[in-house]
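User: Please take a close look at the largest pocket in this model. I would like to know what lines it, what sits in it and how the bound molecules are held by contacts.

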Amino acid sequence: MYQLLDPKSFVVFITGATSGFGAAAARRYVEAGGKVIATGRRGDRLKELRAELGAENCHIIELDVQDRKAIDAAIAALPAPFDKINIVLANAGLALGLQPAAEADVADWETMIATNITGLVYTVRALLPGMIARGGGHVVTLGSVAGDYPYPGGSVYGATKAFVKQFALNIRSDVQGKNIRVTNIEPGLTETEFSLVRFKGDEGKASKPYENTKAMNAEDIAETIVWSTLLPQHVNVNRLQVMATTQAFGNFDIYRG
Ligand code: NDP
Ligand code: 8X3
């Protein structure tokens with residue numbers, strides 16, 4: 001029989017565990033017998049998650065990934081057994097707005113860059129040395145189909161996800177020989193709070209992308225995340241692009257004046 005890794009040995013540091021993929025992955029890892037460090041800015045959500053999963057399985061840290069010092073301090077203060085992290089799920093991220101580039105809010109661009117790029121590299125940089133010192137681990141980053149396929153209004157969001165993809169591939173080269181795996185998960189249309197955040201709480205606009213179709217959900221993506229980490233340590237999924245069956249590719253947009 002094919003031998004997967006034992007999830008009971010997993011200690012998973014998750015950014016963005018208050019919602020969507022991060023929360024679903026936390027539940028899935030604990031259900032499988034692992035331990036999680038659930039982080040995010042919304043402390044009330046984190047407390048609810050800890051109450052649900054049990055403090056012995058779920059350690060919570062209120063954390064903004066844009067705050068490098070706070071990340072470093074939180075990691076330095078981790079109690080046993082949560083200090084033996086062997087999986088990092090660098091998932092926290094967001095899209096803001098869908099305006100054409102010339103009309104986009106520059107503050108939105110700054111927030112996306114500060115979260116999806118800067119926050120993600122802070123997280124990975126802070127956790128890699130410990131995993132290397134402990135003899136191995138797995139970095140899982142959240143990219144997107146938007147990092148490969150351009151779409152109107154996706155200028156900076158898509159570019160941040162292209163960064164994440166290339167960062168993941170590049171650090172994979174850097175950790176060669178260190179028993180560290182690196183996987184970039186690249187989902188398409190998935191119904192979480194993502195759209196509500198993109199449209200700043202406008203529920204009408206936020207529900208539009210999911211109308212009359214079957215999008216993926218957070219559990220679908222959590223399953224792909226967990227699967228990629230359960231594969232034997234000698235197997236590395238570099239990139240995993242996952243789309244709803246209902247989502248496919250369109251024609252090029254030819255302007256005819
Ligand atoms: P959600 O909005 O449901 O969750 C996003 C999570 O990111 C929340 O837990 C939020 O926590 C956290 N977060 C945002 N900003 C920060 C910050 N500054 N510091 C710490 N945590 C932060 O969205 P998803 O679960 O859908 O998205 C997760 C990731 O997947 C993102 O990187 C997104 O770009 C990506 N993705 C999403 C797709 C989709 O269609 N849903 C498709 C492809 C990729 P809090 O607000 O409490 O801090
Ligand atoms: C989220 C998917 O298509 O809304 O990364 O950009 S999309």
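Analyst: In this predicted model, the lining of the largest pocket is made up of 23 nonpolar, 20 polar and six charged residues. The space in this pocket comes to about 1300 Å³. It is lined by 49 residues, and those closest to its centre are Gly93, Leu94, Tyr157, Thr192 and Phe194. Four elements, α1, β2 (35-40), α5 and α6, each contribute at least two residues to the lining. Of these, α6 gives the most, with four residues.

Ligand 1 sits in this pocket, and ligand 2 sits there as well.

Around ligand 1 there are 29 residues, of which Thr18, Ser19, Arg41, Tyr157 and Thr192 come nearest. By class, this shell holds ten nonpolar, 14 polar and five charged residues. Three helices, α1 (20-31), α5 (155-174) and α6 (194-198), supply at least two shell residues each. Several polar contacts to ligand 1 come from the backbone. At asparagine 91, a backbone N or O atom is 2.8 Å from an oxygen atom of ligand 1. At glycine 188, a polar backbone atom lies 3.5 Å from an oxygen atom of ligand 1. At threonine 190, the partner is a nitrogen atom of ligand 1, with a backbone N or O atom 3.1 Å away. Taken alone, ligand 1 exposes 880 Å², and the protein buries 96% of that area.

Ligand 2 is surrounded by Ser144, Ala146, Tyr151, Tyr157, Phe194 and Arg198. This shell divides into four nonpolar, one polar and one charged residues. Here the polar contacts listed come from side chains. A polar side-chain atom of serine 144 is 2.5 Å from an oxygen atom of ligand 2. In tyrosine 151, a side-chain N or O atom is 2.5 Å from an oxygen atom of ligand 2. In tyrosine 157, a side-chain N or O atom is 2.6 Å from an oxygen atom of ligand 2. Ligand 2 taken alone exposes 240 Å², of which the protein buries 81%.

Tyr157 recurs in this account: it is among the residues that come nearest to ligand 1, it is one of those surrounding ligand 2, and it is among the lining residues closest to the centre of the pocket. Phe194 is likewise among those central lining residues and is part of the surroundings of ligand 2. Thr192 appears both among the residues nearest to ligand 1 and among those closest to the pocket centre.

Apart from the pocket, there are two cavities of 30 Å³ or more. The largest cavity holds about 60 Å³ of space. It has 14 lining residues, with Leu96, Gly97, Trp109, Met112 and Gly153 closest to its centre. Both α4 (106-133) and α5 give two or more residues to this lining, which divides into seven nonpolar, five polar and two charged residues.

The second largest cavity has about 40 Å³ of space. Among the residues lining it are Thr15, Asn91 and Thr123, and α4 gives the most to its lining, with four residues. By class, that lining has four nonpolar, five polar and no charged residues. Asn91 therefore links two parts of this description by the listed contacts and the 4 Å lining cut-off: asparagine 91 has a backbone atom 2.8 Å from an oxygen atom of ligand 1, and Asn91 also lines the second largest cavity.

Terms used. Residues numbered from 1 in each chain as written. Chains lettered and ligands numbered in written order. Predicted model: local features only at pLDDT ≥ 70, side-chain atom pairs only at ≥ 80, totals over all residues. Heavy atoms only, no water. Near = heavy atom within 4 Å. Polar contact = N/O pair within 3.5 Å; in protein donor to acceptor, adjacent residues only side chain to side chain. Areas by Shrake-Rupley, 256 points an atom, 1.4 Å probe, with all protein chains shown as cover. 1 Å grid on protein atoms, 1.4 Å probe; cavity = no way out; pocket = protein on both sides within 12 Å on 5 of 7 lines; lining within 4 Å. Sits in = over half its atoms within 2 Å of the grid points. Nonpolar A, V, L, I, M, F, W, Y, C, P; charged D, E, K, R; others polar. Points joined across faces, edges and corners; volume = space filled by probe spheres on them.
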